[in-house]
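I opened this model to look up a few things and keep a short record of them. The entries follow in the order in which I worked.

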Amino acid sequence: MALPVRTSVNRLSGLIQKCKGLRSLCSVEKNTVTKEKCGGRVFSGIQPTGVPHLGNYLGALESWVGLQEGYSSVLYSIVDLHAITIPQDPAKLRDNILDMTASLLACGIDPTRSIIFQQSQVSEHAELSWILGCLTSMPRLRHLPQWKMKTKEKREGSVGLFTYPVLQAADILLYRSTHVPVGEDQLQHLELAQDVARIFNNRFGELFPEPQALLSASCRVKSLRDPTSKMSKSDPQRLATVYLTDSPDDIILKFRKAVTDFTSEVTFDPEHRPGVSNLVAIHAAVSGQSLEETVHSARGLDTAHYKQVVADAVIQRVAPIQQEIARLQADRGHLESVLSHGAERARQLAAPLLAEVRKRVGFS
């Protein structure tokens with residue numbers, strides 16, 4: 001019987017083709033990537049939510065490490081200005097910033113090959129955000145899906161929450177970034193950055209390149225308790241999310257309790273068997289195998305035994321990362337030094353650009 005993997009591959013191919021039509025948004029063609037290898041600038045940000053979970057690592061951070069090899073200039077920001085769009089405990093936020101820094105370094109982000117910095121330490125982000133906000137209409141922001149979703153949950157939202165997509169655009173444009181690694185749920189926010197770049201360029205003269213999306217083919221990890229939703233730190237179910245610093249016993253327990261179905265065979269069919277397919281996707285990602293190879297290797301196993309196999313593979317993959325996170329967390333001075341040096345390097349890029357923006361809008 002043919003594996004359902006082929007169906008999934010066809011769907012992925014269709015998605016890539018669809019993305020190519022979004023104003024040339026997606027740089028997924030082989031020739032395009034090769035062309036940009038020695039040039040271009042990558043920017044991405046991550047919120048300081050502490051130690052990442054398995055979905056963060058397999059879905060984003062792993063590809064971030066690879067981008068250091070492919071682009072001549074790479075910036076990764078811990079976006080603490082974005083974090084305060086929801087209430088934060090100041091002491092916890094400080095710890096989370098350093099924990100995220102330790103995690104990025106432990107996962108393979110190299111401060112000699114990329115710029116790692118804390119967003120709030122580069123004040124140019126906030127000033128450019130204000131200028132770009134004055135070029136952005138309220139209806140444009142009101143139609144963004146995340147504003148609709150978050151205000152529906154909370155019934156109201158802060159001004160910061162409403163305008164943070166403009167800050168995202170400023171983050172990207174401040175460095176004249178050419179490429180931004182994003183998930184599919186962030187494409188509309190990147191389109192806003194493109195729109196704002198065009199508006200500024202049309203009004204004040206060409207300055208900003210229109211940043212292009214880098215849609216990662218990395219694993220999209222689902223919740224272990226609800227495989228129709230993404231793995232998330234905000235999930236109220238403790239067993240739903242695997243953290244990079246979870247103990248082996250906790251990882252085994254979470255996978256043992258993972259939701260599957262009543263069919264014992266291991267197959268990959270996200271539409272009809274999302275729980276088992278999530279396990280297969282995770283196993284393939286941490287083992288380096290293809291989906292087909294992973295399904296083949298599980299032949300003869302029922303899902304109960306397969307959960308243990310996946311847990312063991314995850315434990316083996318994250319063990320060295322855990323050790324490095326622990327080592328780095330014990331040296332706060334080093335982490336603070338990495339962020340301070342990164343902020344200095346980021347400001348060297350940001351300050352001349354903002355000076356030019358100020359000149360063009362008439363501030364100087």
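**Entry 1. A histidine in a strand.** I started with His179, which I found in strand E4. The model is a predicted one, and every value I note here is computed from it. His179 has a relative accessible area of 3%. The cut-off for buried is under 20%, so His179 counts as buried. I then took a C-alpha to C-alpha distance from His179 to Glu210 and got 8.7 Å, for a pair 31 residues apart in sequence.

**Entry 2. The chain as a whole.** I went back for the overall counts. There are 15 helices and five strands in the chain. Of its 364 residues, 46% are buried. I also looked up how the contacts are spread along the sequence. Among contacts with a separation of 6 or more, 75% are between residues 24 or more positions apart.

**Entry 3. The loop before E4.** Arg176 sits in the loop between helix H9 (159-173) and strand E4 (179-182). I checked its backbone and noted a phi near 50°, which is a positive value in a residue other than glycine. Is Arg176 buried or exposed? Neither label fits: Arg176 is partly exposed, at 40% relative accessible area.

**Entry 4. Cysteines.** How many disulfides does the count come to? I got zero, with the rule that the two cysteine sulfur atoms must lie within 2.5 Å. I looked up accessibility for two cysteines as well. Cys107 is buried, with a relative accessible area of 11%, whereas Cys134 is exposed at 52%.

**Entry 5. H3 against H14.** I turned to helix packing. Helix H3 (residues 54-70) packs on helix H14 (residues 303-329) at an angle of about 70°, and their axes are 12 Å apart. Angles of 65 to 115 degrees count as roughly perpendicular, so that is the label for H3 and H14. On the H3 side the contact is made by Leu54, Tyr57 and Glu62, and on the H14 side by Val314, Arg317, Val318 and Ile321. I sorted these residues by class and had five nonpolar, two charged and no polar.

**Entry 6. A glycine in H3.** Gly55 is also found in helix H3. Its relative accessible area is 13%, and Gly55 is therefore buried. Which residues does Gly55 touch, not counting those up to four places away in sequence? I listed Ala60, Val221 and Met231. I looked at Met231 further: its C-alpha atom is 5.9 Å from that of Gly55, although the two are 176 residues apart along the chain.

**Entry 7. H12 against H14.** Helix H12 (residues 274-287) packs with H14 at an angle of about 35°, with 9 Å between the axes. I noted the crossing of H12 past H14 as left-handed. The H12 residues in this contact are Val276, Leu279, Val280, Ile282, His283, Ala285, Val286 and Ser287. They meet Thr303, Tyr306, Lys307, Val309, Val310, Ala313, Val314 and Arg317 in H14. By class I had 11 nonpolar, three polar and two charged residues for H12 with H14.

**Entry 8. Two residues of H12.** I followed His283, which lies in helix H12 and counts as buried at 7% relative accessibility. Leaving aside neighbours within four places in sequence, I found His283 in contact with Thr294, Ser297, Tyr306, Val309, Val310 and Ala313. Asn278 lies in H12 too. Why does Asn278 count as buried? Its relative accessibility is 4%, which is under the 20% cut-off. With residues up to four places away left out, Asn278 touches Arg220, Val221, Lys222, Ser223 and Leu224.

**Entry 9. The loop after E5.** Ser223 came up again when I looked up Asp235. Asp235 lies in the loop between strand E5 (212-215) and helix H11 (248-256). Apart from neighbours within four places in sequence, Asp235 is in contact with Ser223, Ala240 and Thr241. I computed the C-alpha separation of Asp235 and Ser223 as 8.3 Å, for residues 12 apart along the chain. I closed the notebook there.

Conventions. Residues numbered from 1 in each chain as written. Predicted model: local features only at pLDDT ≥ 70, side-chain atom pairs only at ≥ 80, totals over all residues. Heavy atoms only, no water. Axes fitted to C-alpha atoms, helices over the stretch in contact; angles between N-to-C directions. Helix = DSSP H or I, 4+ residues; strand = E, 2+ residues; numbered from the N terminus. Parallel < 35°, antiparallel > 145°, perpendicular 65-115°, else oblique. Contact = heavy atoms within 4.5 Å. Nonpolar A, V, L, I, M, F, W, Y, C, P; charged D, E, K, R; others polar. Left-handed = near helix turned anticlockwise from the far one by under 90°. Buried < 20%, exposed > 50% of the residue type's maximum accessible area, 1.4 Å probe, protein only.
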